[in-house]
Amino acid sequence: MTQKFPFDHFLKLDSFNDNRPAAKISEKEVSPVIVEQAMKNLNPVQPAITPEFSNEELKTITDALLEHLKNLINPNKFHTYFANTFTVSGITQENVEFLVTTSFIKKMIETHYLDSIKQALKEILGKDYQLDIQVLGSAQSLSSNDSNILNTLKTPKVESGKMNSFFIQDLTPTKDDLIKAVDSQVIEHFQPPVISQIDQQKTFENFIVGPSNNIAHALSMAVAKDPGKVYPALYVYGNSGLGKTHLVHAIANSIIQQRPSTRISMTSANKFMNEMIQAMQATKFPEFRQKYVEKTDVLIIDDVHELKNRSGTQDQFFHIFNELMEKGKQLVFTSDKPPKEIDGIEDRIRTRLSSALPVEVQQPDLETRIAILKKKAVEKDIYLTDDVVTLIAKCVKSNIRELEGCLIKLGAVTSILKVDIDIEVAKEHLNLNDELENQKHITIETIAKTVCGYYKITLGDLRGKAKTKEVALPRQVAMYLINKLIKPTLKENGVYFGGRDHSTVLHAVNTIKDRIKVESLLAQQVLDIEKQL
């Protein structure tokens, strides 16, 4: 490449005074290598290499390219990966070379945005180029604003009769640059997963089981053990980020391990629709149907609710569903809601989906969130103390993806900012202060009253001697939740319930703990009560 790097962007020289004694130039002022290079560029006797593109031309091309990319890339991603971090450094007949500020940004661009860059370059320069991305080695900005690394090389004022010394500003990344690199890793974590490929890392072995997902886990394992036989159609639903996708990948991986010859088609509703449209446009619709009817033993469709308002896709889905069921094949669907709550689908589709075995994945409870955090921290080689894990688990209740996002951020903080993670660091970077301070103060009394309100019994009956079914179950649930959330001694727990023996409390706790593993209705009741707390 004729000009690999616009060096004079980084080095500005004022006029030289040949009369200045050499002793006036301090070694700390300038590197001998830089002086030698600069003097060669200024000395008319030395043969200079003429760049194919001037720095002004490269800057103009960079600005035009960034303007095009703004229209091709999500604004948040453009700001993270391109604004103030990306510049054209050289062009030859076949190649365009770029400089970026960090290795992470280079990886992200090479993984996700090369096609967008090539498209923008073709629109600007009128031809296809090969791309070469290099890392500058500093997290400073490359844009043309005041913080531009190309403008950080300031030239001091010239004193009369003296040659200016070179002054190169420190290129050490600022804290803002490092924080931006941390945020980049978190943004990447929240990118939508690619469902069409089976993720071998998502297995039953590393799926954390708790009251919120134990039924879905058990049914998924049953499907994987004998696909098409026990539960020919399984419908897993729940809010985003609760582990539905992990379960369907675990089903696929388990089937592949036990029955390697099984043909599995894993897709999403959107991808299914796009594939069908492309097949019709290319007059390859028979091949499309053959793929899903003749060459599929297990069909897994993620986010099946996205079929709504798509009559043509629903029609093909209906026929494929029927043919696979008639052949004894296995179908697995995921959705954010049960079939009866999906708007915009035909009644016949709703009926087919409702015929599948429905199972809900719910928001994980505190113990499950703690277990998930500890498991993920080990997998990602991130060391967190128990108090930090508990802090995150108490504050982040929404879903598992949010929990993992917290780990990603703390891992990036450790590696990029070079700090150990303690309570204060976690609060600062995860913004958990207010959440933790606003936690309700839970007592034995508040748990007992909440249980009474849920089951519509009196507090006197709950604490009294009655042993009827209407009272015995709520009492056991209350004992279980008190033991789980407050962790008093068994004796203290029993004293509240009329001085019952510690063995009675232990029996109640173990009974509820075992029953919620197999009884979805009871598990739902316990979760609902805990949410109210």
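In which hand, left or right, does helix α14 cross helix α16? The model is a predicted one, and the route to that pair of helices starts with the chain as a whole.

The chain is built from 24 helices and eight strands. It has 533 residues, of which 45% count as buried. Among contacts in the chain with a separation of 6 or more, 73% are between residues 24 or more positions apart. About 28,100 Å² of the chain is exposed, and carbon and sulfur atoms supply 50% of that area.

Next comes the interior. In soluble globular proteins, nonpolar side chains tend to be buried together. In this model the largest nonpolar core has 27 residues, and those with the most contacts inside it include V451, L462, V477 and L481. The elements giving two or more residues to this core are α19 (444–455), α21 (469–485), α23 (502–515) and α24 (520–532). Of these, α21 gives the most, with seven residues. L481 serves as an example: leaving aside its neighbours within four places in sequence, L481 is in contact with I447, V451, I486, V526, I529 and E530. A second core, separate from this one, has 26 residues, among them A279, V304, I320 and L324.

Now to the two helices. Helix α14 spans residues 366–379 and helix α16 spans residues 400–417; they pack at an angle of about 45°, and their axes are 10 Å apart. Because of that angle, α14 counts as oblique to α16. The crossing of α14 past α16 is right-handed. On the α14 side the contact is made by R369, I372, L373, K376 and A377, and on the α16 side by I400, L403, E404 and L407.

Notes
Residues numbered from 1 in each chain as written. Predicted model: local features only at pLDDT ≥ 70, side-chain atom pairs only at ≥ 80, totals over all residues. Heavy atoms only, no water. Helix = DSSP H or I, 4+ residues; strand = E, 2+ residues; numbered from the N terminus. Buried < 20%, exposed > 50% of the residue type's maximum accessible area, 1.4 Å probe, protein only. Contact = heavy atoms within 4.5 Å. Areas by Shrake-Rupley, 256 points an atom, 1.4 Å probe, with all protein chains shown as cover. Core = buried A, V, L, I, M, F, W, Y, C linked by side-chain atoms within 4.5 Å. Axes fitted to C-alpha atoms, helices over the stretch in contact; angles between N-to-C directions. Parallel < 35°, antiparallel > 145°, perpendicular 65-115°, else oblique. Left-handed = near helix turned anticlockwise from the far one by under 90°.
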